[in-house]
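Visitor: I have a chain open on my screen and would like to walk through parts of it with you. Could you take my questions as they come?

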Amino acid sequence: MSAVAVRPPGIATRAAISVQDSLVVARRNLMQIVRIPAVLVFELVQPVMFVLLFVYVFADNVANVPPEIVALGGYVMFLMPGIIIQNAIFGATTTAIGIAEDLKAGFVDRFRSLPMARSAMLAGRATSDLIKNFILLLVVIGIGYLVGFSFENGLLNAILMIVLVMAVSFAFSWVMAWIALSVKKLEAVQAAAFTGIFPLVFMSSALVPVEGMAEWVQVIARNNPITHWANLARYFAFGEFSTMGGTPEQLMLWSALWIVGIVAVFIPLSIRLYNKLT
Amino acid sequence: MDQPIISTDALKKSFGDVQAVKGVDLAVDEGKVFGLLGPNGAGKTTTIRILTTLLQPDDGTASVAGFDVVRDAILLRPVIGLAGQFAAVDENLTGLENLEMVGRLYHLPRKEARRRAEEVLERFELADAAHRTAKTYSGGMRRRLDVGASLVGRPRVLFMDEPTTGLDPRSRLVLWELIRDLQAGGTTLLLCTQYLEEADQLCDRIGVIDLGTVIAEGTSTELKDKVGGEVLELHVAAEHVSGAADRLRGLGSDEPAVDADLRLIRIPVGSEGPRVLLETVRRLDDADVPIEEIALHRPTLDDVFLSLTGHAAEMALEEEAASEPEPEKKKRRKRKDR
């Protein structure tokens, strides 16, 4: 039969095919935003609400904000880079929800029976969520400017902060993909995604300084990658400050290691689960 | 002789302690429509999922188009199409966009994917709705679009899992027409169904599957012959019943059976139905016995199922309906002993 003549494609070809297939899937996912723009509007409500609540409710109640940051414009200067990291992580939960919805609708079966790359469905979802989260990020930065935040460390560093935020968002998309493929049921996936990340975000320097937390929480917070990312985002936004927890170079190294580590663990785990779906 | 294009050998698959497939052996020739007929939970979907590389068997082997479904999965996927139990179409995309996407994922060049998508839409009478989002489609249109998607890659072998479940009668007929067209075009088709009539109408050969094994296989006629072929039934006036029965002796494959209360005479005719019918009418007319009603009764696949499994297919379905509507693989069905 013809089987003898056909050979599986080589690695380079397969990599090119993976990228192409992922983009086809990402385009499909993004069409949802094009066709139902309301989805994006609703997704904006939460981050914008968080910004406004924290800025105006916490305002002068937050102790331990380093004076040099207060001098730049108050708590809002401390908060914005942190809440932007939080949004990147919360924004990645749509990866879990999107995958769970595709599982429910039988779409995953269709994809898995097609000759497309096995990674493409997940990578396509991570890519489309990255683009969506980029749009959300720009809006949140805009809101930040309205409530008193501003970049004070030059254009290059502002761009580096955006790159950092996108990298965090992309890495968490793969954690979320893994959660979705482990839990599978849509409602349970939603619950699992949020319960997992909520304490993680709160036990970090994202929203308030670590210094005022309970002793044992401080231990967690100082070793929480979200603390490194939030402090690095602050450095990119306005320069060095007293509670950074390391030199900028150290923060960059730790942040990068965490991101690479998460991606290196959760991409293979997720693809493995995808291949083993029943 | 050519090798069968689909063949399975002692295929087994369990989910936990539930044996969904307990040793399925199939052989389907190229260009034929093969029906896998059985109630929910019989193992149809699991078998299809193994053949389309979605699931790996625990034991046994299966090959499609010369490719092993496990070892050569990467090579197999380009030559098969799957229309699953759910219409897997993206509601936010138009009909055209849905099919173009699938074409791209079969790695057709952009223009070719578009051309092919238009072709399929035309063929499935969806051209007018090509630029509407699938959200606005009726159930029948969605199912057609889903089947269309499975054809974009011009598969040599197409798998359809209960393609007409949940469709209204008209949509069902439209889909049957499409399936006959595909068959005429030389596509090999493996079709799962729980509808006896559907298998009867569409399939060249039928495998009756129950509790994870194929319990009978053959053409629709062969399966019906197993339960004894056709029967001629006639009603005459009460005073003529026994006389008429005497005159009809030796006509059929067996002696006439008389039910005096119902004024009914039943003659097993094997495959000689029309000859016996004509001769019966002639003899009774000669004897001036008026016939009130006369008909050839063909055994249905329902009769087949009943005689093969000891329970009716529909009965098994009702049992299922009472339980939670979960995917087939999780269901466990106990056979009713008779």
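Visitor: In which sense do β1(B) and β2(B) pair, and over how many bridges?

Guide: Keeping in mind that this is a predicted model, β1(B) and β2(B) pair in the antiparallel sense, over 8 bridges. One of the partnerships places B:K13 opposite B:V21 in β2(B).

Visitor: And how many residues sit between β1(B) and β2(B)?

Guide: There are 2 residues between them, so to speak of the pair as a hairpin is correct, and B:G16 in the turn has a positive phi of about 60°.Visitor: What is the strand order in the sheet as a whole?

Guide: The order is β2-β1-β4-β5 in chain B, an open sheet of 4 strands with antiparallel pairing. Its edge strands are β2 (18-28) and β5 (67-68) of chain B, each of which pairs on one side only.

Visitor: How many bridges join β4(B) to β5(B)?

Guide: Strand β4 (residues 59-64) of chain B is joined to β5(B) by 2 bridges, and the two strands run antiparallel. B:V64 has B:F67 of β5(B) as its bridge partner.

Visitor: Which strands does helix α1 of chain B lie across?

Guide: Helix α1 (residues 44-51) of chain B lies across β1 (6-15), β2 and β4 of chain B, and runs at about 115° to β1(B).

Visitor: Changing topic to α4 of chain B, how far apart are its end C-alpha atoms?

Guide: They are 20 Å apart, which agrees with the 20 Å that the 14 residues of helix α4 (residues 110-123) of chain B should span at 1.5 Å a residue.

Visitor: Which residues of α4(B) are buried?

Guide: The buried residues of α4(B) are B:A113, B:R116, B:A117, B:V120 and B:L121. Seen down the helix axis, the buried residues of α4(B) fall within an arc of 135°, and therefore they line one face of the helix.

Visitor: What covers those buried residues of α4(B)?

Guide: The cover includes α3 (95-105) and α5 (139-151) of chain B.

Visitor: What residue follows α4(B), and what is its phi?

Guide: α4(B) is followed by B:E125, and the phi of B:E125 is positive, near 55°.

Visitor: One last residue: is B:D285 buried or exposed?

Guide: B:D285, which is found in helix α10 (residues 273-286) of chain B, is exposed, because 11 other C-beta atoms lie within 10 Å and a residue counts as exposed at 12 or fewer.

Visitor: And how far is B:D285 from B:T187 in space?

Guide: From C-alpha to C-alpha, B:D285 and B:T187 are 50 Å apart in space, and they are 98 residues apart in sequence.

Key. Residues numbered from 1 in each chain as written. Chains lettered and ligands numbered in written order. Predicted model: local features only at pLDDT ≥ 70, side-chain atom pairs only at ≥ 80, totals over all residues. Expected span 1.5 Å × (residues − 1). Buried ≥ 20, exposed ≤ 12 C-beta atoms within 10 Å, placed from the backbone. Arc of directions from axis to C-beta. Contact = placed C-beta atoms within 7 Å. Pairing = 2+ DSSP bridges. Axes fitted to C-alpha atoms, helices over the stretch in contact; angles between N-to-C directions.
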